[in-house]
Amino acid sequence: MSKGHLSNDEFFVRLSSLFDERRQKDHGSVYLTQKRLSYDKDTDVESSEQQFPDLHPTAPLPILIRATNGKSKDNKAKKVKLSTVVESDAIEGFFAKYAEVCKGGMSGLKKRDRSKAKEKLKAKKRKQAAGGDEVKK
Amino acid sequence: MPYLETAQQWLTQSTLLLQARPSTTRITTKYTIKPIPDPSNPDRSKPRKTKPSTTSSEPASVPTQAPEPIRAVLILKTYDPVSGTTLKYSTTKAAEVSRLIQILGRLARPMAGLPEVKEDVVMLDGGEGEGAHTPLVESAKPAQNVAGGGGKKKKGKGKK
């Protein structure tokens, strides 16, 4: 599991189950990290004339995405670590799917829009009841 | 460790940080559910930020407080270990998730060494081809465009 990177698709499957695992308990966390994958890219440093070669890489670099449940120390045995590499030309597609998985997984957050809509609906109904001239929908 | 007030500010500052230090800066997204305050275990139930002075004096007062209905928090953190720069943004709203992931996707571009361009079609053409020349296009201009566009979006949502 922690050996090597997963394919993007498998990463999403595992990430969903990581979110589901968290949901089974009343508390817990999911950590997602992204950074440039610059492993064994040191050839640029010596050959380049620029002062900061990493600012202008000769070719776009892939992005490393990691996900964990943040278990460490005493709970280290329960730690789940996932990682995947996103090539620079696949970023758009990856993040579109990533957004969906996260939206589904982060269900504990406050759903602001619905409650507001309900309140508005209630207020409307009250108005209608009081006024009486408007037709019910 | 400053918390920025809006996601837009966080995006703008993070973009600048990534442009300056693209190879060391990382972005961590933490989705966490705080534990329900447990009367039998007051030490654990306490939020981390409470002052240490209250720990010994009156632990009994903590369980009496009603648990907050929303315990889930989403925290975005941009961190560059070399300069020590940290930028954070925190939210509890589900409505922001997809937009925040979009922002993460946008920030992935300077991270990968791609220029920030809004037109996806143009970028796909460049990326699929050689891609060697594209990183040089990077400049401060797109950052300003991004800031303007996002700001309007935020207003459009009209949160009170």
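Buried means under 20% relative accessible area and exposed means over 50%, with partly exposed in between. By that yardstick A:E10, at 36% relative accessibility, counts as partly exposed. Welcome to a short tour of this predicted model, which takes in the make-up of chain A, a helix in chain B, the salt bridges, and two residues of chain B with their surroundings.

**Chain A as a whole**

- Chain A holds 4 helices and 3 strands, and from the N terminus they follow the order α-β-α-β-β-α-α.
- Of the 137 residues in chain A, 33% are buried.
- About 9,400 Å² of chain A is exposed, and carbon and sulfur atoms account for 51% of that area.
- If you take the contacts in chain A between residues at least 6 apart in sequence, 66% of them link residues at least 24 apart.

**Salt bridges in chain A**

- Over all chains, the count comes to 5 salt bridges.
- One of them pairs A:D9 with A:K97, with 3.2 Å between the closest N and O atoms. A:D9 sits in helix 1 (residues 8–23) of chain A and A:K97 in helix 3 (residues 91–105) of chain A, so this pair ties together parts that lie 88 residues apart in sequence.
- A:K97 has a relative accessibility of 38%, so this lysine counts as partly exposed.
- A:R14 and A:E10 also form a salt bridge, their closest N and O atoms being 3.5 Å apart. About one helical turn separates A:R14 from A:E10, because the two are 4 residues apart in helix 1 of chain A.
- A:R14 counts as partly exposed, with 28% relative accessibility.

**A salt bridge in chain B**

- In chain B, the side chains of B:R21 and B:D80 meet in a salt bridge at 3.0 Å, N to O. B:R21 belongs to the loop between helix 1 and strand 1 (26–33) of chain B, while B:D80 is in strand 2 of chain B, so the pair ties together parts 59 residues apart in sequence.
- How accessible are the two partners? B:R21 is partly exposed at 33% relative accessibility, whereas B:D80 is buried, with a relative accessible area of 0%.

**Helix 1 of chain B**

- Helix 1 of chain B covers residues 7–20, and its 14 residues should span 20 Å at 1.5 Å a residue; the end C-alpha atoms are 20 Å apart, which agrees.
- The buried residues of this helix include B:W10, B:L11, B:L17 and B:L18, and B:Q8, B:S14, B:T15 and B:Q19 are also among them.

**B:R71 and its surroundings**

- B:R71 lies in the loop that runs between helix 4 (61–64) and strand 2 (72–80) of chain B.
- What is the nearest side chain of opposite charge to B:R71? A:D26 is, at 4.7 Å, and B:R71 is buried yet has no salt bridge. A salt bridge needs a side-chain nitrogen of Lys or Arg within 4 Å of a carboxyl oxygen, so a separation of 4.7 Å does not qualify.
- The backbone oxygen of A:D26, however, is 3.2 Å from a polar atom of the B:R71 side chain.
- Setting aside residues up to four places away in sequence, B:R71 touches A:D26, B:T32, B:I33, B:K34, B:P35 and B:I36.

**B:Y79 in strand 2**

- B:Y79 is part of strand 2 of chain B, and with 24% relative accessibility this tyrosine counts as partly exposed.
- B:Y79 and B:T28 are 51 residues apart along the chain, and 7.9 Å separates their C-alpha atoms.
- Beyond neighbours within four places in sequence, B:Y79 is in contact with B:T24, B:T25, B:R26, B:G84, B:T85 and B:T86.

How values were computed: Residues are numbered from 1 along each chain as its sequence is written. Chains are lettered from A and ligands numbered from 1 in the order in which they are written. This is a predicted model: local features need pLDDT of at least 70, side-chain atom pairs count only at pLDDT 80 or more; totals for chains, interfaces and linings use all residues. Side-chain values use heavy atoms; hydrogens and water are left out. Buried means under 20% relative accessible area, exposed over 50%, partly exposed in between (1.4 Å probe, protein chains only). Contact means heavy atoms within 4.5 Å. Accessible areas come from the Shrake-Rupley method with a 1.4 Å probe; for residues, only the protein chains shown count as cover. The expected span of a helix is 1.5 Å times one less than its number of residues. Lys and Arg count as positive and Asp and Glu as negative; His and the chain ends are not counted. A polar contact is a pair of N or O atoms within 3.5 Å; within protein, one must be able to donate a hydrogen and the other to accept it, and residues adjacent in sequence count only if both atoms are side-chain atoms.
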